[in-house]
Amino acid sequence: SMSCIFCKIVAGEIPADILYQDDDVMCFRDVAPQAPTHLLVIPKKHIGSIVELEQSDTEIAGKILVTATKMAVQDGVSESGYRVAMNCGDEGGQTVGHIHMHVLGGRQMGWPPG
């Protein structure tokens with residue numbers, strides 16, 4: 001969807017601090033970081049929410065998680081600890097209608113998250 005900000009980042013229409021990309025996924029720094037490390041891992045294919053994931057998306061969903069763990073290592077937070085999160089819907093805190101996994105680290109995380 002070309003009204004989607006993340007699709008525009010994938011298309012190169014909006015600049016982002018891209019740390020990794022391949023044919024399926026992209027990782028970039030969040031523009032409003034909530035922790036010293038705050039990365040977003042997205043599929044290049046537009047999927048609006050995790051409730052829209054289908055059986056055919058199993059591989060890409062796994063690739064998002066594997067990429068998130070690789071990026072935590074690359075950004076230096078894997079040994080001290082980090083959080084991965086996917087928000088779903090308004091009450092779940094989802095603010096962009098394109099699935100994305102947050103990778104947060106570099107500080108002590110609280111629980112419950114809020």
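**Exercise 1. Find the salt bridges and trace a network.**

Task: How many salt bridges does the rule give here, and which residues are linked in a network?

Solution. Applying the rule (a side-chain nitrogen of Lys or Arg within 4 Å of a carboxyl oxygen of Asp or Glu), the count comes to five salt bridges. Before going on, a word on the input: this is a predicted model, in which local features need pLDDT of at least 70 and side-chain atom pairs count only at pLDDT 80 or more, while totals for chains, interfaces and linings use all residues. Residues are numbered from 1 along each chain as its sequence is written, and side-chain values use heavy atoms, with hydrogens and water left out.

Step 1. Start at D17, whose side chain meets that of R29 in a salt bridge, at 3.4 Å from N to O. This pair joins distant parts of the chain, 12 residues apart: D17 sits in the loop between α1 (5-10) and β1 (18-21), and R29 in strand β2 (residues 25-29). Helices (H or I, at least four residues) and strands (E, at least two) are DSSP runs, numbered from the N terminus.

Step 2. Move on from R29 to D75, where the closest N and O atoms of the salt bridge are 2.8 Å apart. Here the partners are 46 residues apart, with D75 in the loop between α2 (58-74) and β4 (82-85).

Step 3. Put the pairs together: D17, R29 and D75 form a network of salt bridges.

**Exercise 2. Compare the two ends of a salt bridge.**

Task: For the salt bridge of K45 and D57, state whether D57 is buried or exposed.

Solution. Step 1. The side chains of K45 and D57 meet at 2.6 Å, N to O. Both residues lie in the loop between β3 (37-43) and α2, 12 residues apart.

Step 2. Apply the classes: buried is under 20% relative accessible area, exposed over 50%, and partly exposed in between (1.4 Å probe, protein chains only). D57 has 4% and is buried, whereas K45, at 48%, is partly exposed.

**Exercise 3. Take the core apart.**

Task: Which element gives the most to the largest nonpolar core?

Solution. Step 1. A nonpolar core is a set of buried Ala, Val, Leu, Ile, Met, Phe, Trp, Tyr and Cys residues joined through side-chain atoms within 4.5 Å. The largest one has 14 residues, and those with the most contacts inside it include V41, I64 and A68.

Step 2. At least two residues come from each of β2, β3, α2 and β5 (101-105). The most come from α2, with five.

Step 3. Finally, look beyond this core: a second, separate one has nine residues, among them F6 and I42.
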